[in-house]
Structures are given as C-alpha cells and as structure tokens.
Amino acid sequence: MKKYISKDQSVPGAAPGIEHDEISSLPGGTGEVSISCIDYSPGQVSIEKISDLENFLSRHRPEWTSVRWISVDGLSDMRVMQGLATKYNLHPLAIEDILQKDQRPKFEAYGGEDSEFMARLFLVTHALQIRDGRLQNEQVSIFLGHKTVLTFQETCSSEWDSIRQRIKVKGSRLRSNDASFLAYSLLDAIVDSCFPILESFSDRAEELETLILERSQPGLINEIHQLKRDLLKMRWAIWPMREVISSLQREPHECIGETTHIYLRDLYDHVVQIIDLIETYREIASDLTETYVSSVSNRMNEIMKVLTLIGTIFIPLTFLAGVYGMNFHYFPELDQVWAYPAFWLVCLVTAIIMLLLFRRRHWL
Amino acid sequence: MKKYISKDQSVPGAAPGIEHDEISSLPGGTGEVSISCIDYSPGQVSIEKISDLENFLSRHRPEWTSVRWISVDGLSDMRVMQGLATKYNLHPLAIEDILQKDQRPKFEAYGGEDSEFMARLFLVTHALQIRDGRLQNEQVSIFLGHKTVLTFQETCSSEWDSIRQRIKVKGSRLRSNDASFLAYSLLDAIVDSCFPILESFSDRAEELETLILERSQPGLINEIHQLKRDLLKMRWAIWPMREVISSLQREPHECIGETTHIYLRDLYDHVVQIIDLIETYREIASDLTETYVSSVSNRMNEIMKVLTLIGTIFIPLTFLAGVYGMNFHYFPELDQVWAYPAFWLVCLVTAIIMLLLFRRRHWL
Amino acid sequence: MKKYISKDQSVPGAAPGIEHDEISSLPGGTGEVSISCIDYSPGQVSIEKISDLENFLSRHRPEWTSVRWISVDGLSDMRVMQGLATKYNLHPLAIEDILQKDQRPKFEAYGGEDSEFMARLFLVTHALQIRDGRLQNEQVSIFLGHKTVLTFQETCSSEWDSIRQRIKVKGSRLRSNDASFLAYSLLDAIVDSCFPILESFSDRAEELETLILERSQPGLINEIHQLKRDLLKMRWAIWPMREVISSLQREPHECIGETTHIYLRDLYDHVVQIIDLIETYREIASDLTETYVSSVSNRMNEIMKVLTLIGTIFIPLTFLAGVYGMNFHYFPELDQVWAYPAFWLVCLVTAIIMLLLFRRRHWL
Amino acid sequence: MKKYISKDQSVPGAAPGIEHDEISSLPGGTGEVSISCIDYSPGQVSIEKISDLENFLSRHRPEWTSVRWISVDGLSDMRVMQGLATKYNLHPLAIEDILQKDQRPKFEAYGGEDSEFMARLFLVTHALQIRDGRLQNEQVSIFLGHKTVLTFQETCSSEWDSIRQRIKVKGSRLRSNDASFLAYSLLDAIVDSCFPILESFSDRAEELETLILERSQPGLINEIHQLKRDLLKMRWAIWPMREVISSLQREPHECIGETTHIYLRDLYDHVVQIIDLIETYREIASDLTETYVSSVSNRMNEIMKVLTLIGTIFIPLTFLAGVYGMNFHYFPELDQVWAYPAFWLVCLVTAIIMLLLFRRRHWL
Amino acid sequence: MKKYISKDQSVPGAAPGIEHDEISSLPGGTGEVSISCIDYSPGQVSIEKISDLENFLSRHRPEWTSVRWISVDGLSDMRVMQGLATKYNLHPLAIEDILQKDQRPKFEAYGGEDSEFMARLFLVTHALQIRDGRLQNEQVSIFLGHKTVLTFQETCSSEWDSIRQRIKVKGSRLRSNDASFLAYSLLDAIVDSCFPILESFSDRAEELETLILERSQPGLINEIHQLKRDLLKMRWAIWPMREVISSLQREPHECIGETTHIYLRDLYDHVVQIIDLIETYREIASDLTETYVSSVSNRMNEIMKVLTLIGTIFIPLTFLAGVYGMNFHYFPELDQVWAYPAFWLVCLVTAIIMLLLFRRRHWL
C-alpha cells in the first residue's frame, strides 16, 4: 500500500515554482529520455526522433508545418527540461508540476503576455493502466499553443501509438485540424483507455463473487479491498478531469478551435460515463463485502449446526451410559437380561426423535 | 455479473466519431434489421415496411406528409447505417454513439449549419424491460429534425406499438402535432415502461421479505443483491434522463414546439418520480439486508440456546453419574438401598430447577 | 409491503394527458362521490351539498361571491370529472394527474390563455394520516383560479372540516381574504396534520426502545423497519412539497395575493421543520437498529458466558470422576479410606478457584 | 426519548397566525412571568423590573433613551402577550411562533408598512444548556426595531446576565452602539454558550471511550446513543442558525448598523465552527459504537478461547479415562502395575502438547 | 481524546472582540515570546531580533524597505500584543481571534477606513505537525498590509525557516516581489508541510494493514481510530482553507499583487489535492476497520472449527467407552477376547471417517 499515492513533494517552505535557471541544478533521475517531434499539415508529415536537442531547438520550424507535436518520454534529463522550458518560455509553476509526480489533474490558462508559448494552456492528467494486476498511474503533462503541442510523460508508454499512426494517414481528421484537436485526441486516448480497465474491474468483481459464493476463503476480503482501492485511485485520477474538461468547454480560449469544442463535449460525456461506472463498481464492491461477510457467517452457522446436532444427540446418551456404569449395590436394572438391549433401543429411539425434531425446525 | 454493463467501447486511441465513408467497412453484427417508415399528417397516414432502402432513400417524400418517422430495429447491417447517415447527414460522433452500446443517456444539439438534418437534436436513451427475471436495457437513439424523426434500436421491441396504433387513429393528439411531439411520445413510452418494472421490483422485495422472515435461506442475500444491482442499473439508465429532459425543457430549440414544451414538463415529473422510487427501493433493499442478517443471527441464537440448554442440563448430571461409577473401596453411598432412586431424584430436581431458572431469565 | 407505493400508472405508450371527451369513457371506480360548493365573501356565506351537478354547472355564480370553493370527495364518477373539466377547462395533463394515484407532489402554472380557469395554478399534494397503525396517504389535487378553488380528494376525510368551520365564522381572516388564501389554508391544514403523525412516530420509537432494552424479541427489527418505511413514505410525500412551496413563493403569480405570500413563507418553514424532523427520526431509527443488534448480541453473550461457566467447571471434574472409575488393578488411591471425601474436596476447591478466576476477569 | 422533540403544534386546520384579539382567549400556562425593561444611551442607563405592564405601556419612553430592551421571561401570562403585541403591533404569525415551542430557528423581515415596530426583524432561535446531564433547549424570540429590542424566553435563564452587566458599564461597546448591536450581542451569548456544551460532549466521549476499553458493559451503547441524540438535537438547533445569520449578513436591512455587520461575520464564523465540531463529534460517536461492538466481540473471543482450551484439552482425556473404565474381561493393560502411572503421564503429555500447539498458533 | 479539540473560548456573553486598552489586563500565559523583524527590498535585507519592543515601535521604518515582516512567536506577553495592536490599529475581533486557540481557518478583509494597517487582510490558519506520533495543530495568524506582514504563532516552530533563508538570497523571487507574495509564501509553507504528514499517515495505514493481516490484536481497532481522528483533525484544519484561498483568489484586493494571484491558484490546487488525499485515506481507514473485523472473525472461525473438530470426534467415542463401562450383568461383548481390540478399531475408523467428511466439506 505504501506506494499507493507516492508523495514526492518539494521540501515544505521551498520556493514555489521552478525558475528556468534552477532546472539544470535539480537532481535528475535515472531512466532513458526519448524525444520525438512530429510536424504535420493536411498535405505533409514528418516524424523525427531527436537525439541532439540543442541542435533541434536552434533550427527554425519548417514553413509548411501547421501543427508541431514535441513529445518527451522520461523526465530524468534536466538539460532537456531546461532547453524546452527556455525555448517555449514555460511558467515556473508549470515546470514544478511536470516534475512532481501525482499532481491532481488540472488545467491552467496563462494569458495576456506576449511570449510565444507561455500565454497558452497547460494541462496535467494521468494515464492509467493495469500492470501486474495492479492499477498504475502515470502523470502526463500537455502544453497547448496556437500551433504547437508539447507533452511530457514519465515513461514511454503506448497509448498514443495509434494517434501517431492516424497522423501518418493522409486525409484523417487529425491531419486536417489544428493543434487543439491533437491535444483533444491525446486526452481522448487517455480517457478511452479507462474503458478496458473498467472492464477488467468488472471481470475481477465477477470472479470474486464466484469465489465468495463457492468457498469463502479468508483472503478474499483483501482482494475486495484491493479492488476498492484501485477504484479509489481511478476516481482520484478521473474525477478532477470532469471539471477540467468542463472548464475547457465553457471558457472560450483562443487556442481551442470550433471543431474541437464539439468533440470536447463528447469527451466530457465519456468522462462522466467513466465516473458513473466507477461509482457503480464501488457500490458493487461494497455489496461484495456484504456477501462475503454473510457467506462466512453462513458457513460458520453450518458448522455450528453440525456441532449442535452431534453434541446434543450424544450428551444425553453419554449420561445414560454413565448412569449404568454406577456401582450402586442396589441397582435393579443391572440384573435383567433385557437391560442391555433395552439400553441400545432407548439410545436409538432418543437419537431418532431428536433428529426428527431438528428436521422439523429446519435446523438440518 | 459479467454482462452487467457490457463494455464495447472503441479501441482507445482510435479516431473519435465515425465518418460516413468509414461505416460500410465496420464489422456488421448478426441479427435481422427491420426498417419501417410512417408518414402522417392530421388528415392522412401511410405506413411502409422498407425492404429496399436504396430505392426508398432515392424517392421524394410525399407533399402531404407533416411528420416522417423512420425507425430502424437492429443495428447489424452497416449498409443501412451508411445509407441513412449519408442521406440525413448524421454527425460522426452521433453515428459512433448509435453503434456503441451502453452509452450514457444524453442529448446533443447540432446547430447553425445548413444541412437538412444534422443541425438538429440527437438523443440517446435506454429502454428497460424485465426478461427472464433480469433487467435488460436496450439503447435507443432518436434524431429529431423539423419534420422528421429517425430512431435506432438494437432489437425489435414492442414498447412503441401503442404509439404506432395512436398514429393510425384519426384526430389523436399525435396526428395533429409536430415531429417534436412524436419524439416526446416515444420518450414518454420509454419512461412510462419503467413503472411496471418498478412494480415488479416492489413485488420482488415483498416476496424476499416474506421468505426472509419465514426461513432465512443462505441464498437470499444473493437475491437481495440481484435486486440492488437491477436498481443500480435502472438508476444508471434513468438518472441522466433527468438532466437530458431538464435541458430540453430549459433551452428553447427551433425543433421543439410549444405544446411539446408543456408535455416535457410532465415527462420530467415522471422521471423525477421514477428516480424517487428507485432511491426508495434501494433503501428498502438495504433494510432487507439488515433484516436478513438479523434474522440469520436470530435463528443462530435459537440453535445456540438449545445447545446451551441441553448441554448445561446434562453436563452436571453426567458428572454425578461419573462420581457413582468410581471404584473407591470406601464409598458409603453405594451400599444404601435408597441410593439409586435418590440419584434419579437428584437428577430430576436439578434439571427442573435449571429449566425454571432459564425460563425466568427468558432464555427459553 | 405490496401496497407500499401502489402503482396505477397508465399503460406505457398510452397517450399522455386525458382529453375532455375521453373522460366519460374511462372505467369509473366504486365508492361514493360527494360534491360540495362553498361561496363566501366577507359579508355572506353559502354552503351547498351538490347532488345534481349538471343543474349546478348551468346555474350562474352569485354576484356577491368573492371566493367559490368546489370540493369533490371521491374520484369514481367519471361524469362528475367530465362536467367539471369541461366547465373549468382543465388541462388534459392535469386531469390525468388527478386520476392517477401516487403522483409526486408538484405544481403547474398554466398561463397566457384566455380560458376562465385553465390559465391558472394546479397543485398535487398528499394528505397523510395514521390508520390501523400504518401511514396512509391520500392524493389531493387543488386548482386555483382568481376567484375559484377546485379540490379533488380520493375519500371524504376530515382534515378540512376546521377550515369549513372557519369560513362560517364572520370576520375570520379566511373570509376577508381571496381565493389564494383559501388554497394556502388548505395546504396549511395538510402540512400541519403531519405534526401529530410525527409525534406518534416519536412515541413508537420510544416504545420500541423500551422493548429492545427490556427484552430483545426477534420481531422487533421488523417493527423498526416498519417505522423506517413509514418515515420513507412520509419523506416521499413531503420532500417535494418543499420545492413546490418554495417555487410558489419565489415566482409571482397573478392568482396569489400579497397576504398569502407572507403566509406561504410560514408554510415553507413548517415544511422544512417537518423534513428536519423526518431526517432526525430516520437517524434515531438507524440507532434503534444498532441498539437492537447490540442488545441481541449482548443477550447472546450472557447465555454463552453461562455455558462457558458451567461447562468449564464440570469438564475437569467429570474427567476426575472418570479417572477413579478406571478399572486398573494397581490403583493405590482406591484403597484409602480418605479417598472418597478427598475427591469431593478436590472438586469443591477446583470449582471455587475457577469461579474466583472468572469473577476476577469480569466474566461473571 | 418522548420529550426529545416535544410537539406542541396548533390543531391542524386551525387558522395560521394568532390575531391580537385572540391572544387573551388562549389558555395561559403556569409558571411565573418576569418582565424587565432596560433603557440606555451612551451616557445613561435605567433598569426597571415591570410589575404593572399596563401602566408601563401607557407611559412615554424617555427622550434620552437610544435603545430600549424589553425582555419577557416566561410565556404563561396571555395578558402580557396581548399588551405587548398590541403596543408593538406584532405580526400574527410571529405571535404564533413565539407561543409554539420547538420552532425551527428562522428570521423574518416584515417591511414596508408604517407601523412603529412591525415592519422590522423577527428572529427565533434556541438557547441550549446541559441540565441533569441532558441537553435542554429553550426557545428564544427576538424582535428588532430601530431603537427597540423585544425578547421572549420560556424561562428565566442566566445566559444574558453578563450582557445586562455590560450594559451597566459606561463606555462599553454595547452602550455606544445601536439596537442591532444589542440583538447581535444576545445572539452571540446564545451561540457562545454552545462551546462549554461541546466541551462537555468531548468529556463524555472521552469518558465513554475509557469505559469501553476498560470493560465493555452492556449499557454503554445506550449512553453512546444518548450522546448521539444530544448531538442531533444540537445540530437541529444550530444548523438553521447558519442560514439565518448568513441571510442577516447578506441582505442589508435598515435596522442593522454597519458595525453590527462586521460583528455578524464573526458570529457566522462561530456558528460554522460549532457545526464543524458537531459533525466531528458525531463521527467520533460513530467510531465509539464501532469500538464498543469490536470490544464486546473481543471479550467474547477471549471467553470462547478459554472454553476451547479447557474443553479441547479435557475431552480426549475424559475419553481415555472412559476407556480404562470399561469392563471388558480381556483387558491386558489393566493388570500391569505401570498402567496407572502411565495413564497420568499420557494425560500430562497430551495436555502439554496441546498447550504448546495452541500457543504456537497464537490462540493463547 | 480530551485534548482533541481544546476549547478555550471566551466566557459566553462576554463582549465580542477585545479592545486595545483591554489587552494589557488579560491574563498572559507562560512561555517565552520572541519577536523578529525582517526588512527587505530587492537590493537590501536586514534581520533584527527585537528585545525592546517599545523602542522598536517608536523608531521609523527605513526608507529602503519594500516589505517589513514582523513575526511574533509566543502569545503569552500581553504587553507585546497591546503594543502591536495599537501601533498597527488591529481590529478588536482580530485580536480576539489571535488569542483564542482553535479558531476555524478564515480570512477577513477590513476595508475602507483610513488607518495605516487595519483596512487590510487578516488570515487565521493552522500549522500541522506530527509530534510524539500525534497530529498537533498550532494556530497561525497573518496580517497583510500594503508593505507589511505581521504574523503571530503560539510557539517558535521551524516551518518558516526556509523562507527566512530564501529572503536572504539576493535575486530570489521573494525579494523581488511585494508583501502579498511573502504572505502567500508563508501559507504555501504551511500547506506544503501537510504532504509529509500525509505520507506518514500512509505509512501508518500500511503498517496497520500488515499487523491486522498477520495477527489481529485487540488494540489495533484503537490505532485505526487514532488514525481516523488525526485525519478528522487534519480535515478540520484544511477544509476551510479551501474556501479561504478560493475567496482570496476570486475577490480582487488592493493588497494582493498580480503575480501572487497566479501563485494562489497553485496553492489552491495543493489544498484541493490534500483534501482529496485526506478523503482517500479516510476511506482506506474505513476499509481497515472492515478488514480488522473480518480478520478477527476469521480467527474466531478457525478456533471454532478446531473445537468442533475435536469435540465432534471425541463425543461419540466417549459415549462408546461409557457404554462398555456399564455394569449390566448380561453383557455379551464383555466376555469376548476380541472385544477390546475391536473397540479401538471402531474408534479409529469412526475418527478417520469423520475427518474425511470434514475435509470433503472444506471445514478443515
């Protein structure tokens, strides 16, 4: 559970935000960093893997490009961060948000200033996936300018591969639209990746229910709580997306085109649908706990009933056997020939009467 | 439970919406598709079962028709979808919504453009019914234009039969009103079909209560949860209808006539009434769980009390019998003639005293 | 429980609303219908029991009448309904609402048209009363015009008798005010009748608590749930009244006079007070369940403790008795004269030590 | 519990509000009524105990008085009520509110008319105190005019004594401010008297926790519920105060001075703080119930474990003793000299092995 | 628990607010008071430890200073309070708020007057820290003027040390910004100090879960409730911060610069993130309780099963041994040579059959 929500916050009291010239002095993590740049216009596309960032940043952007998407996978190289931050004039608070994990999804509109990029939109969200049976979240940061999209991810994951594919297809809607449509598509891919996860939760819930009803093992309550915690984590990541997208939709922004606006409404519906499903599964998980507890207590009852049965039948018989083991000198029954068979008969009759009584009371 | 909320979402990262020329390449399902077209005006009505869609779409609409209702039952034939989508210029996102099951109920107003149909209202909702004792939901999509209503359903169900009947009746309110009144009537039929379902839930709850009080079988908790899940599913389908109808009512729209507006208020009241009842039944179902758990533990107590009784009465007597079975040489009682009858007397008196004690403490 | 919320809704898909000429063809129920008409002005009052409706409707209303109140008790005679609906031009949806039981409380303002009555206010609410120990609700519909109030009730009940009385008193506030004040007074009587019901709930809760603490019988959980369900039903009937009265108060309406406005505020306060009390009693009922469960388990504990006590004391003694009942040939203790008294001493000492031990651990 | 929320409402259907000439005919209660009148201005103060109300009401108010506070303790004398109601032209609904106990806290602004007093503010609130270990509430009604404050209380209580003291002190803020500041001070005294009550609740919760952990007696659940009910009652009395004060603050009113406005903000903060604390204590009380149930079941477990232990150890030994008490003629062990000591050895070894086994499984 | 939320409120009925001339007469507490004054401008900084307050207050403020921060650690010296209150003309209500512990976080804007300081912002918040394994809160009051920040703390704590450090660094953002940025930084340090606390809660929850699953000791429920109460306390302290910062952000105020506005948005996000995490941990703590209860009952079941097993196996065998210990004269089995070995065989076979039966029912 420790790693449930990993806190990696700055030292309390430290300066808020990270200035451009401070970046390079930050301790970089380990792990590879891969940068790629995709330029496209309705008619042309160029995909470049960037190894020499400095050279890339000094070059001019081609004239034909209508949208440029620079994606950074891996946040460990601080020189990369500094280069991009300086080039695109990123806000100190935004840089801090990129580098700190487990930010709450949010969006910021930095407006009014003359800088090339900064006066634009900044979005933080979380890509979710199931890895090793556990829900993993990865922070994704997206900057949106008039013609540029800048994305930062912790690792190199695959949920955007299909988008890269669609950009390559001539005539696709992505190619013919502006940068905000690309940003929308990236968000859409992240949101849509929640549906298979929810389906896997549905499967887990179903499996758990079968196991509980078949044989209520002690460990199942833990697995139910694991499911609950995954749902909690998903809600934590998705819930704020609702207001983020709702705000994006409500507030007109120079960078967001009209087509994108209609599509954002669709995205909003998807997010609300996911939240509804999360709440539904949370209620189902609660019911599973109830079923589990009730099923454990039912098994307990069954065991208790057998104890009652066997105990209650034999205790009087044992008493009777004890009686005829007494050593009184004057003991008339002991001398009779029929006494021993009669003893067995009495035992049998008593046992049968008790069994019938129990059955009539539905205890058996 | 697996099929509780069947997820059938597009591959994450796939392009949002479905373009008209993409439709035909989609994998069509199995199952029959039946299309019918009803044209009516206050004075005239014509019902046509369409087998050759292409021919139908190429024909002109009769002059006298004030409302045309094309209903498609079955979504498996992609050529049908494409024909209608092209003819009526449906929005790509709307086509996606029709084809994906288990959409959240919603409505979209596509406005401002000049196309014949697209700049109109699009509604997704769910028709509910009880089949094989389980709540089944079927997605229903409704397009509303100025003089045209287009509906898509997964299967051919019967909840709209009475509406078809009412259209045939000359002078009925349906005949004398516009297309929005037809759309309202379709929604009304769907919403009103919830009342018999709720009544069946009421019956199930009543039956469960009787069973629980009579004899708390282990399986009942499952049936309670089944009821709870059906209520959850119903709420999932009906809850968003509230805001859909509320928005329809609030926002004036060119396609919705004045008469329809008053009737929408009535529909809204019905939806709120259904939501109220769902919440009420959910509380009742929760109480049933409580009753069940309490009833199981009461039966348990009854069994335990019998064990206590029999055990507690015989344990001391067995000890006494054991005492007089001891083989001590010096054992004065053993030689007395009155010893054996006295033993039985002591046993009887002890048992009676204990029984009286238990009764006085209300344990019996 | 079946009759908890009796559903009597129209067949799904049937036409919404009931046209005036359809009414007479509806199946009328059984039961008597009694109609009365009260005309009053500050100076004069006339109360008439109407037996011949047709004649009554054809007559002109007296000049001096400032308010006319026609009250219909019993909804079984469809000709009565049709006569009034035609005379006062009632809205088809309103007629449907009157005839269908268990409508959610609501109000409708039909405005703008020239008809005498229809362009006015329509209110549905529920009169609650305790009959045979159960909460019964009766639907009450009120139409308010400029100078006319029309009320429909299922049965002839007595909560408005005091209002009829007050009308007869010359100089009373009712006499000197307009029709809206009469409508307010009718609502006020219905709302105020909730207070004695709440008091009876308070009594039932108190009684249940006493019973639970004295002797937790198995049936009590049912009575608690009965109370809960009555509270649920009351909330279902009262909750929407809040927004009904709040809307009446907020939206100025031509029919509602200024004096009535101030009094509506008071009525609103009463409704909120009732809702508060309902929620309070619901929480108390929840606590009662807790007390019940805890009390049952406490009694269970008491019984278990006695079992433990008696069992634990006698089991070792029985073992000891068994030991000296063994038939070993070499058995030194058996030959001693002191052996038998010593055995009893050991038993006594063991039992006393165990009792002391249990008492020290507070088990006794 | 009966007296939890005493209902004393008017007969349902009775006329709302109480007219001035009706007051004297109402049944007055028993109990003393004490009326005092305090006149003050920054420079002067006069406190008068009024015994002859009629005389007092006919006298003119001194010229120098900037604020007059008439406080009525005890509501049993209807002539007093009528005198004041007529003199200050109180609204019939306000009079009804004063006389009916257990009103929900609220405020009313009667505006626009020319009467001396009526067109002003009317406030109902509840003074809380702990008496005999139970939370008692007493309804307090406050009328605020431009230069007059009129208060009605059920009994003569002491929470305003310090205010009377402060009025006597020359130069105090009360003396130099207007009537609204006096009304604010009265409310502030009532609200602040909640803090000691909350502290006593905190003490009770602490005490209960100690008792539960030490020794979970059956009666404790009742005391927890008592605490919960007191908190419920307090919330019932304080919750509406929030909106009352919030409205007073928001809506400018001719009678409320600017200084009072700032102080009302402070009062609002106090009320919110009290509500927060009530909710916190309610959660703590819920946790106490959990602790109690868990602690009872833990004690139960402890007892069960001892039973298991003793039972499980002696049952096999008793069986062995029984075996050697059998009377078979061919019974080789019985003849051996070592048999008897060996029997004891086997018993001892068995018991020790079982004890070790239990300890290893942490059952001991 | 007593000290959970220590109430230290003024005597009910006492005058609200504390006038300047009343301060010195208040009972000062014990404990040291340390006052420091930091003056800074982008180019210069001066830090002074103030021992002679009177002398300090009489001196003029240096010309170069753009921001002056006077911080008072310790509230026991009333002369200090009076000196500053008079000098900076603090509002009586604000002084009361500083001196009373456990105020709800809030902010007040005193505007419109001409005084040097008073017409500015006043903030109350709580610094949280873990001391001795318990969450401790310390009230912090901040006054913000145009060029002055005045802070009051109960003790001398270290969360602002890093801010003092950053002020000393030339060119830091703090140095180049105005007083409102300093106030923001102080709040930011307090809010950010919550993250390590939340991490420690996460560790405690993890540890508790491990302990519960390993071995459910009776005391663990208490530790879970301790965690819950700490979370409750944290929520109590942080929840109102949300609306405080939200209001600061929404309402433009002369004292809050533009840069600070952007940073306040970031601070708001942090507070919301903390609230989200608190709610998440509260749900986890609830699940822990469930796990604990379920784990305790599982252990109980395990013990019960062993009792059932041993009891159920030996009870019939004991009965059999009892049978052959009977003293009937006619007892054919007793004389057989094979009888004794056969008895053992029967016992063995019975025991094995029962064991197999139990295993097949998964009871073992």
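# A guided tour, starting where chains A and E meet

Select chains A and E together: their contact takes 48 residues from chain A and 59 residues from chain E. What you have open is a predicted model, so treat each stop as a look at a prediction.

**Stop 1: the side of chain A that touches chain E**

Keep chain A in view and colour the elements that face chain E. Strand S4 (106-109), helix H9 (220-250), helix H10 (258-323) and helix H11 (339-360) of chain A each bring at least two residues to this side. Which of them gives the most? Highlight H10(A), which supplies 14 residues. Now colour this side of chain A by residue type: you should find 28 nonpolar, eleven polar and nine charged residues.

**Stop 2: the axis relating the two chains**

Next, superpose chain A on chain E. A rotation of 72° does the job, with 0.0 Å of shift along the axis and an RMSD of 0.1 Å. That is the relation of a five-fold axis. To find the axis from chain A, pick Gly325(A): its C-alpha is the nearest in that chain, 4.5 Å from the axis. The two copies use different surfaces, as 10% of the contact residues of chain A recur in chain E.

**Stop 3: how confident is the predictor?**

Before going further, colour chain A by pLDDT. Its mean is 84, and 93% of the residues of chain A reach 70 or more. Then select residues 1-10 of chain A, where pLDDT stays under 50. The model has 25 contacts beyond four places in sequence for this stretch. Where pLDDT is low, the predicted coordinates should not be read in detail. For the complex, the predictor gives an ipTM of 0.72 and a pTM of 0.78.

**Stop 4: the nonpolar cores**

Now go inside. The largest nonpolar core has 171 residues, and Val149(C) and Val149(D) have the most contacts inside it. Apart from it lies another core, of 170 residues, which includes Phe181(A), Cys194(E), Ala205(E) and Leu277(E). In soluble globular proteins, nonpolar side chains tend to be buried together.

Return to Val149(D) and show what surrounds it. Beyond residues up to four places away in sequence, Val149(D) touches Val67(D), Trp69(D), Ile142(D), Phe143(D), Leu144(D), Ala179(D), Leu182(D) and Ala183(D).

**Stop 5: two helices to check with a ruler**

Select helix H7 of chain E, residues 179-192. At 1.5 Å a residue, its 14 residues should span 20 Å, and the end C-alpha atoms are 20 Å apart, which agrees. Is H7(E) mostly covered or mostly open? It is mostly covered, with 14 of its 14 residues buried.

For a second try, move to helix H11 of chain C, residues 339-360. The expected span for its 22 residues is 32 Å, and the end C-alpha atoms are 31 Å apart, which agrees. Step just past H11(C) to His362(C), which takes a positive phi of about 60°.

**Stop 6: Asp132 in chains A and D**

Most residues other than glycine have a negative phi, and most peptide bonds are trans. With that in mind, click on Asp132(A): although not a glycine, this residue has a positive phi of about 55°. Where in chain A does Asp132(A) lie? Look in the loop between strand S5 (121-131) and strand S6 (134-144). Asp132(A) counts as exposed because it has 5 C-beta neighbours inside 10 Å, and 12 or fewer is the cut-off.

Jump to chain D and pick Asp132(D), which has a positive phi of about 55° without being a glycine. Asp132(D) is in the loop between strand S5 (121-131) and strand S6 (134-144) of chain D. With 5 C-beta neighbours inside 10 Å, Asp132(D) counts as exposed.

**Stop 7: two residues of chain E**

Select Leu53(E) in helix H2, residues 53-58 of chain E. Why is Leu53(E) classed as buried? Because 20 other C-beta atoms lie within 10 Å. Setting aside neighbours within four places in sequence, Leu53(E) contacts Ile35(E), Val80(E) and Gly83(E). Leu84(E) is 31 residues from Leu53(E) along the chain, with 8.8 Å between their C-alpha atoms.

Finish at Gln129(E), in strand S5 (residues 121-131) of chain E. This residue is partly exposed, with 16 C-beta neighbours inside 10 Å. Beyond four places in sequence, Gln129(E) is in contact with Gln136(E) and Ser193(E). For a last distance, choose Ile313(E): its C-alpha is 58 Å from that of Gln129(E), and the two are 184 residues apart along the chain.

How values were computed. Residues numbered from 1 in each chain as written. Chains lettered and ligands numbered in written order. Predicted model: local features only at pLDDT ≥ 70, side-chain atom pairs only at ≥ 80, totals over all residues. Helix = DSSP H or I, 4+ residues; strand = E, 2+ residues; numbered from the N terminus. Contact = placed C-beta atoms within 7 Å. Core = buried A, V, L, I, M, F, W, Y, C linked by C-beta atoms within 7 Å. Least-squares fit on C-alpha atoms with pLDDT ≥ 70 in both. Nonpolar A, V, L, I, M, F, W, Y, C, P; charged D, E, K, R; others polar. Expected span 1.5 Å × (residues − 1). pLDDT = per-residue confidence, 0-100.
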